[in-house]
Amino acid sequence: MKPAPFGYERPRHLQAALALLAETNGSAKIIAGGQSLGPMLNLRLVEPELIVDITGLSELKQAERDGDELVLGACITHADVEDGRIPDITRGAMQGVAAGIAYRAIRNRGTLGGSLSHADPAADWVSALAALGARLTLRSSAGARIVAMEDFVVGALEPALRPGEIVETIRIPARPASAHWGYVKSCRKTGEFAHAIGAIRIDPSAASARVVIGAIDAAPMVITNASDLFGGRIAGDYKARFDARVADAILAKAGVSDAAHRHIHVSVLKRAVQEAAA
Ligand SMILES: Cc1cc2nc3c(=O)[nH]c(=O)nc-3n(C[C@H](O)[C@H](O)[C@H](O)COP(=O)(O)OP(=O)(O)OC[C@H]3O[C@@H](n4cnc5c(N)ncnc54)[C@H](O)[C@@H]3O)c2cc1C
């Protein structure tokens with residue numbers, strides 16, 4: 001099948017892109033890497049009047065440190081992260097996630113902003129960046145706002161983007177040496193979309209832990225204070241303290257009614273905890 005006819009613009013400046021999006025009042029679609037939008041156009045799941053190609057916007061390809069945060073433009077690709085072309089503020093965590101996404105041709109084109117905006121619950125960045133505590137800058141012609149990753153994906157394929165808004169940057173906090181990281185995706189073949197994702201950023205010295213249970217057919221479950229999963233206390237022996245029953249109860253409460261599915265998610269999360277502690 002071929003896409004329905006559409007107009008095409010490739011602006012050179014962010015302000016021009018935002019003006020186009022404002023003018024078209026929701027009937028335009030942004031294209032970045034095209035790795036998700038391309039198939040959706042071909043299947044006519046979306047039929048926009050206009051496509052605004054943002055790959056020419058140098059503003060969205062910047063990677064710079066701002067204090068304790070790394071600020072990445074939305075058009076940074078998975079391969080940029082995998083190949084270490086951005087500062088490694090997460091001490092290898094993002095690089096490991098990037099390398100496990102799809103296969104190289106997709107990683108060359110697919111972007112962080114595109115992956116987050118597509119808001120597929122099974123996508124890697126949606127869970128990983130929530131666990132890392134990232135925030136997004138969303139910009140429209142009316143101004144900018146900052147949204148925490150856990151508030152950005154509100155449902156399957158449902159980002160918290162308003163009409164005319166674009167993901168401009170992703171702000172990722174530095175991971176200190178004391179903060180351990182575990183990320184496990186379960187899929188049948190390497191590089192496939194996940195059936196279950198477990199992600200954890202845990203810092204026993206700061207008694208803090210963020211846990212994400214992802215690929216659950218809805219927005220990922222982001223547990224920003226995960227002490228209940230570890231017997232009420234985040235300490236150095238957290239691997240031994242991980243309580244699978246609490247994880248199972250959280251999933252059941254969130255509506256994951258199939259015990260076998262819950263078992264897979266809990267096992268994957270347990271492996272992520274073990275990876276963090278290794
Ligand atoms: C065969 C295959 C396997 C894959 N496997 C995986 C996998 O294992 N893990 C994984 O995480 N992903 C996987 N993907 C998805 C891939 O990572 C895509 O890169 C990603 O989903 C979309 O990024 P993109 O830059 O191509 O966005 P596009 O396809 O260009 O856009 C996707 C959506 O986001 C919107 N959009 C794009 N950029 C912005 C922006 N800056 N602001 C606002 N809206 C924007 C578009 O309008 C569109 O709605 C796979 C894709 C394919 C085709």
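How much space lies in the second largest pocket? Keep that question in mind as you look around this predicted model; we will come back to it after visiting two sheets and another pocket.

**Stop 1: a sheet of three strands**

Select residues 7-9, which form β1, then add β2 at 28-31 and β3 at 50-53. Together they make an open sheet with the order β1-β3-β2 and parallel pairing. β1 and β2 stand at the edges with a single partner strand each, so one side of each has no neighbour in the sheet. From one strand to the next, the twist averages 25°.

Now zoom in on β1 and β3, which pair in the parallel sense over three bridges. Click on G7 and look across to β3: its bridge partner there is L50.

What holds such strands side by side? Strands of a sheet pair through backbone hydrogen bonds, either parallel or antiparallel.

Next, show residues 14-24. This is helix α1, lying across β1, β2 and β3 and running at about 165° to β3.

**Stop 2: a sheet of five strands**

Move on to the open sheet with the order β4-β5-β10-β6-β7, where the pairing is antiparallel. Its edge strands are β4 (63-66) and β7 (143-148), and each of them pairs on one side only. Ignoring direction, neighbouring strands here are turned by 25° against each other on average.

Select β6, residues 135-140, together with β10: five bridges join these two antiparallel strands. To see one facing pair, pick L136 in the viewer and find I170 in β10 opposite.

**Stop 3: the largest pocket**

Select S36, L37, G114, S117 and H118. Of the 49 residues that line the largest pocket, these are the closest to its centre. The space in this pocket is about 1,300 Å³.

Which elements should you colour here? At least two lining residues come from each of α1, β2, α2 (37-42), α6 (112-118), α7 (124-131) and β10 (166-173). Helix α6 gives the largest share, five residues. Colour the lining by class and you will find 25 nonpolar, 17 polar and seven charged residues.

**Stop 4: back to the opening question**

Finally, select H195, A215, I216, D217, V256, D258, H261, I264 and H265, the residues that line the second largest pocket. About 180 Å³ of space lies in this pocket. Its lining has four nonpolar, three polar and two charged residues. Try colouring these by class too.

Terms used: Residues are numbered from 1 along each chain as its sequence is written. This is a predicted model: local features need pLDDT of at least 70, side-chain atom pairs count only at pLDDT 80 or more; totals for chains, interfaces and linings use all residues. Side-chain values use heavy atoms; hydrogens and water are left out. Two strands pair if DSSP finds at least two bridges between them. Helices (H or I, at least four residues) and strands (E, at least two) are DSSP runs, numbered from the N terminus. Axes are lines fitted to C-alpha atoms, for helices over the stretch in contact, and angles run from 0 to 180 degrees between N-to-C directions. Contact means heavy atoms within 4.5 Å. On a 1 Å grid over the protein atoms alone, a cavity is a set of points where a 1.4 Å probe fits but cannot get out, and a pocket is an open set with protein on both sides within 12 Å along at least five of seven lines; lining residues have an atom within 4 Å of a point. Grid points are joined across faces, edges and corners, and a volume is the space filled by probe spheres set on the points. Ala, Val, Leu, Ile, Met, Phe, Trp, Tyr, Cys and Pro count as nonpolar, Asp, Glu, Lys and Arg as charged, and the others, Gly among them, as polar.
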